[in-house]
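Student: I am new to this structure and would like to learn how to read it. Can we go feature by feature?

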Amino acid sequence: PLRRAPPVPPRARPDRVVAVANRAIEGTHATIGVLGPPAADADMAALELILHALTGLTSPIGVEVREHQGASYGIDGTLTRGRLATSLAFGGHLENAKAAGALRAMLAAVRQVRAHGLAQDVLERSRAGLLGRWRQRTSTTDGLSGILVESISLDASIETMEAWPARLAAVTAADVQ
């Protein structure tokens with residue numbers, strides 16, 4: 001086994017908005033980010049469901065920003081797993097004139113999830129999508145070896161990684177909220 005440096009937990013920061021002007025690009029790129037639990041935490045399945053529900057072409061916020069507001073082609077997101085914490089970020093490249101309204105809609109979607117969880121149909125569609133990705137990943141040697149490497153790098157047992165589909169299936173709307 002390799003010796004590891006002692007981990008330094010991330011510091012919690014208060015809510016804030018950071019604006020960075022870059023005249024070299026057209027449009028506005030808006031990102032909402034949060035610090036989440038460690039990768040092996042049981043709440044990770046709920047966090048992944050939230051990210052999947054908030055992003056993509058068929059997500060309610062994606063439809064709002066893309067079709068109703070015409071502010072962006074879509075909303076995307078990333079989940080970066082770590083031993084001590086996970087970072088979740090989602091957003092999109094927005095038309096300048098419509099960026100404020102689109103960002104308000106994205107923040108409203110986060111507030112909606114916080115207050116009411118996810119609608120059952122959105123929860124089930126997100127769960128099905130994530131389980132489909134899992135099945136696809138575990139159907140190849142590369143995918144399985146990637147899961148093994150993740151378990152080592154994240155200090156998560158292989159049993160924790162193997163149980164992910166069951167943990168995902170057990171997530172309720174209340175867990176998401």
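Tutor: We can begin with surface patches. A nonpolar patch is made of residues with over 30% relative accessible area and no salt bridge, whose nonpolar side chains are joined within 5 Å. Keep in mind that this is a predicted model.

Student: Which residues form a nonpolar patch on the surface here?

Tutor: L148, I152 and I158 form it, and together they have about 270 Å² of accessible area. L148 lies in helix α5, residues 141-153.

Student: Is L148 buried, partly exposed or exposed?

Tutor: Buried means under 20% relative accessible area, and exposed means over 50%. L148 has 43% relative accessibility, so it counts as partly exposed.

Student: What about nonpolar residues in the interior?

Tutor: In soluble globular proteins, nonpolar side chains tend to be buried together. In this model the largest nonpolar core has 38 residues, and V65, F90 and M106 touch the most other members. Elements that each supply at least two residues of this core include β1, α2, β3 (86-94) and α3 (99-116). The largest share, nine residues, comes from α1.

Student: Which residues is V65 in contact with, leaving aside neighbours within four places in sequence?

Tutor: V65 is in contact with G70, A71, S72, I75, L94, A102, A105 and M106.

Student: How should I read a polar residue such as T55: is it buried or exposed?

Tutor: Look at the accessible area, then at the contacts. T55 has a relative accessible area of 15%, so it is buried. T55 sits in the loop between α1 (44-54) and α2 (60-68). Its side chain reaches the backbone oxygen of L51 at 2.8 Å. Not counting residues up to four places away in sequence, T55 touches I75, D76, G77 and F90.

Student: And R127, where is it placed?

Tutor: R127 is in helix α4. Its relative accessible area is 9%, so R127 is buried. A polar contact of 3.3 Å joins its side chain to that of E124. Beyond residues up to four places away in sequence, R127 touches L49, L168, A169, A170 and V171.

Student: How do I see parts of the chain that are separated in sequence coming together?

Tutor: Compare the separation along the chain with the separation in space. P38 and S87 are 49 residues apart along the chain, and their C-alpha atoms are separated by 9.3 Å. P38 is in the loop between β1 (28-36) and α1. Its contacts, not counting residues up to four places away in sequence, are M44, G82, R83, L84, A85 and T86. At 28% relative accessibility, P38 counts as partly exposed.

Terms used. Residues are numbered from 1 along each chain as its sequence is written. This is a predicted model: local features need pLDDT of at least 70, side-chain atom pairs count only at pLDDT 80 or more; totals for chains, interfaces and linings use all residues. Side-chain values use heavy atoms; hydrogens and water are left out. Patches are made of residues with over 30% relative accessible area and no salt bridge: like charges are joined within 9 Å, nonpolar side chains (Val, Leu, Ile, Met, Phe, Trp, Tyr) within 5 Å. Accessible areas come from the Shrake-Rupley method with a 1.4 Å probe; for residues, only the protein chains shown count as cover. A salt bridge is a side-chain nitrogen of Lys or Arg within 4 Å of a carboxyl oxygen of Asp or Glu. Helices (H or I, at least four residues) and strands (E, at least two) are DSSP runs, numbered from the N terminus. Buried means under 20% relative accessible area, exposed over 50%, partly exposed in between (1.4 Å probe, protein chains only). A polar contact is a pair of N or O atoms within 3.5 Å; within protein, one must be able to donate a hydrogen and the other to accept it, and residues adjacent in sequence count only if both atoms are side-chain atoms. Contact means heavy atoms within 4.5 Å. A nonpolar core is a set of buried Ala, Val, Leu, Ile, Met, Phe, Trp, Tyr and Cys residues joined through side-chain atoms within 4.5 Å.
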